[in-house]
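Colleague: Give me a close look at one part of this model: its strands. Keep to who sits beside whom, and spell out your cut-offs.

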Amino acid sequence: MEMNSPVGSNALDTEGVVGKPLDRVDGPLKVTGGARYAYEVQQQNALYGFVVEASIGKGTIRSLDTRAAENTPGVVLVLTHRNAPTQGTGNHREAHPVLTGPQVTYYGQPVAFVVAESFEQARAAAYLVDVKYDRSSGKYALRQNLDQARVPHPDDAPAADSAVGDFAGAFAGAPVQVDVTYTTPLQSHAMMEPHATLAMWDGDRLILHTANQMLNQGQKVIATTLKIPVENIRLISPFIGGGFGGKLWVNADAILAAIASRQLKQPVKTALTRQQIFHVTTHRSDTIQRVRLGTDRDGRMLAIGHDVFSGNLPSEQTYEGAALQTRTLYAGANRLTRHRLAPLDIPVASSMRAPGESVGLMALECAMDELAEKLNLDPIELRLRNEPSEDPEQHIPYSSRHLVACMQEGARLFGWDKRNAKPGQVRDGRWLVGMGMAAATRGNPLRPSSASVRLNPDGTATVQMAMTDIGTGTYTILAQITAEMLGLPTDRVRVELGDTNFPEAAGSGGSWGAGSSGSALFEACESLREKLAQQAGMDVKTARFADGRIASGERSIKLTDLVDTGIEADGEIGPGRNNKEFSQQSYGAHFAEVGVDADTGELRLRRMLGVFTAGRVLNAKTARSQAIGGMVFGVGAALHEAMTLDPRFGYFVNRDLAEYLVPVHADIPAIDAIFLPELDQQSNPLKSKGIGELGICGAGASLANAIYNACGARVRDFPVTLDKLL
Ligand code: MOS
């Protein structure tokens with residue numbers, strides 16, 4: 001597909017509503033409970049399913065006694081591998097078969113699904129399913145299985161390795177070297193809304209109300225799994241209570257509910273419990289990352305290398321791409337990046353917010369801080385000296401890159417000049433105080449998407465697409481684009497998302513959501529403007545759309561006078577030449593100030609600032625919220641978040657939000673995010689770039705660097721907890 005044209009109309013280059021800090025158009029629905037999430041959809045006759053999880057990490061089911069469960073009042077079905085249908089297979093991005101046989105390949109794998117007339121009956125009966133296992137030995141801990149690691153070959157991700165020049169020779173000969181290994185832990189998405197599905201069949205057509213980020217992808221996974229045509233599957237997901245990647249693909253809730261509903265010829269509803277989410281759905285792999293940086297005495301990069309180990313089930317190819325940003329962020333003629341994947345018998349590892357960069361920058365940007373200290377250079381000055389003039393591996397231009405401006409503006413606003421480069425010098429009562437910074441970068445992908453827009457006889461517009469809004473503000477920015485392009489007030493625009501009956505869209509993921517869906521809608525609005533201009537006998541190039549009217553020269557016509565039963569137009573977008581000819585990333589710089597208790601090692605974030613450039617900002621308020629949300633995610637990655645694996649049995653020990661720690665309000669004091677003006681002439685017709693994941697990228701590293709500056713402890717094993725400071 002060669003569709004991404006940077007030459008659009010200049011419809012958005014006026015002082016319109018796009019970019020304004022419009023409140024979320026779906027806000028009132030959310031705060032009044034009017035927004036229905038998957039589990040809240042009321043369906044007559046719905047039955048309730050509850051998942052029974054395997055309680056071993058690897059082995060086989062020796063016996064499975066369901067009689068007690070079946071004899072429980074209200075129970076109508078206990079689904080196990082004995083009565084489940086044969087399903088299609090593939091990796092987790094292709095299929096999600098459940099209850100396929102007696103083999104257990106990871107702890108928490110569903111081994112039964114109990115369906116009853118009420119949730120309580122199903123749950124009570126689920127605990128009566130008696131499963132006995134033959135355990136076999138499994139490989140659970142990444143660190144203990146590095147010798148098994150192989151080169152992964154995912155078909156939807158960059159190659160695992162890259163090499164330019166002579167890394168080994170250049171590094172060995174570099175006068176100044178840093179060679180450090182950083183580790184990041186297993187992480188869980190910990191979104192608010194648990195995974196939930198209501199499944200029902202209409203003949204051979206399946207309807208799923210389900211929490212899912214990418215509905216059209218979900219359709220395909222379900223089609224492969226259940227061996228039914230894609231067009232017989234409808235996914236409905238208008239509201240999603242957070243995903244962070246945990247709802248990108250299809251999880252067991254959807255498939256179990258669909259199978260049970262088909263067998264029972266009745267709607268079946270299910271939700272994973274908070275505890276179940278940790279094992280039954282995906283997580284982010286832990287990583288072991290070796291970063292090697294070699295420079296001349298002035299800090300100019302001669303060699304840059306990044307080796308990454310992550311883990312996944314033997315059947316999976318998805319790796320944590322933590323070295324990907326190292327291919328493009330800094331200059332240097334000799335480069336080497338490698339990813340290795342260790343086969344592990346634990347649940348599927350997959351994408352979690354900014355897969356790759358979010359943990360990759362924790363290693364690279366801390367290593368850069370170590371290098372700056374060795375060179376006796378300010379960390380910003382080191383980065384300025386290694387600012388590339390083109391993508392250093394692909395040798396193509398950047399579509400736009402203003403990392404330097406982000407660092408300089410951030411330094412000015414944050415008061416970076418007050419930082420004492422020597423650790424442990426600044427005190428505030430019992431607190432040792434330090435400042436740190438880190439660069440932010442995240443790729444800007446564009447994914448095929450389409451949209452329809454219709455001008456109704458009453459002068460309102462209706463937008464439809466199978467896009468999702470996972471709490472990011474998609475409804476709002478799509479209303480803004482439509483309102484501005486058609487010259488309507490935003491409250492005259494109705495945006496309908498989250499239904500595969502609407503035009504196909506890329507969904508929410510990988511920071512491509514707004515750019516892809518917004519550009520498809522832009523094209524649809526362009527097409528509608530042309531139709532309206534033609535109807536009015538005007539040239540669309542000179543026509544102005546404002547106040548519900550189209551005007552050209554002296555003539556001005558109400559749009560409603562041009563509409564009989566309604567006029568509709570479609571638009572689509574997809575990656576094109578400029579996605580290959582330009583290296584596309586969003587950029588930013590994080591600044592953090594922390595306090596470390598001089599006696600106890602207790603840690604506090606004191607203030608934090610992120611300064612970003614991401615092309616056109618579509619809504620100043622939702623963009624800022626996205627950035628701040630990402631930064632808070634970064635604070636969690638630096639200080640709190642870690643799943644603890646029991647290496648003997650292969651299960652995650654801390655599987656609830658009391659023990660899997662994420663930041664709370666009290667952990668986040670003064671925090672701000674600003675976007676510097678930028679238009680990207682190559683990215684897409686909106687001239688925007690992705691922001692959904694940018695905020696987390698580098699955020700954690702800025703805290704770790706601040707901790708070092710505060711107290712002189714360089715912790716290379718995340719999260720930085722106080723025991724590691726003593
Ligand atoms: Mo994101 S990890 O692609 O939801």
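Modeller: Here is the strand part, taken sheet by sheet.

The model is predicted: local features need pLDDT of at least 70, side-chain atom pairs count only at pLDDT 80 or more, and totals for chains, interfaces and linings use all residues. Numbering starts from 1 along each chain, as its sequence is written.

Begin with the open sheet of seven strands. Its order is E3-E5-E1-E12-E9-E10-E11, and its pairing is mixed. Strands (E, at least two residues) and helices (H or I, at least four) are DSSP runs, numbered from the N terminus. Two strands pair if DSSP finds at least two bridges between them. At the edges stand E3 (75–79) and E11 (233–236), and each pairs on one side only. On average, neighbouring strands of this sheet are turned by 20 degrees against each other, direction ignored.

Look inside that sheet at E1 (residues 47–53) and E12 (residues 268–271). They run parallel to each other and share three bridges. One bridge links Tyr48 with Lys269 of E12. Helix H6 (residues 252–264) lies across six strands of the sheet: E1, E3, E5 (110–116), E9 (196–202), E10 (205–210) and E12. Contact here has C-beta atoms, placed from the backbone, within 7 Å. H6 runs at about 30 degrees to E9. Angles go from 0 to 180 degrees between N-to-C directions, using axes fitted to C-alpha atoms, for helices over the stretch in contact.

Next comes an open sheet of three strands. The order is E4-E2-E6, and the pairing is antiparallel. E4 (103–104) and E6 (130–135) each have a single partner strand, so one side of each is left without a neighbour in the sheet. E2 (residues 59–65) pairs with E6 over six bridges, in the antiparallel sense. Ser63 stands opposite Lys132 of E6.

A record entry is worth adding. In an unreviewed entry, UniProt lists residues 32–137 as "domain: Aldehyde oxidase/xanthine dehydrogenase a/b hammerhead". Over that stretch the chain is 32% strand and 11% helix. The end C-alpha atoms of residues 32–137 are 51 Å apart.

Now move along the chain to E18 (residues 449–455), which holds Arg454. Arg454 is partly exposed, because 18 other C-beta atoms lie within 10 Å. The scale is simple: 20 or more such atoms within 10 Å is buried, 12 or fewer is exposed, and partly exposed is in between, with C-beta atoms placed from the backbone. Leaving out residues up to four places away in sequence, Arg454 touches Ala461, Thr462, Gly566, Ile567 and Glu568. Glu568 is 114 residues away along the chain, yet its C-alpha atom is separated from that of Arg454 by 4.1 Å.

Finish with E26 (residues 603–613). Eight of its 11 residues are buried, so E26 is largely enclosed by the rest of the structure. One partner of E26 is E25 (residues 585–597), antiparallel over 10 bridges. Ala592 has Met608 of E26 as its bridge partner. The hairpin of E25 and E26 has five residues between the strands, and Gly601 takes a positive phi near 80 degrees there. E26 also pairs with E29 (residues 670–675), this time in the parallel sense over six bridges. There, Gly610 is bridged to Ala673 of E29. E26 therefore has an antiparallel pairing with E25 and a parallel one with E29, while being largely enclosed.

Key: Two residues are in contact if their C-beta atoms, placed from the backbone, lie within 7 Å. UniProt positions are given in the numbering used here, feature names are shortened, and annotations may be inferred rather than shown by experiment.
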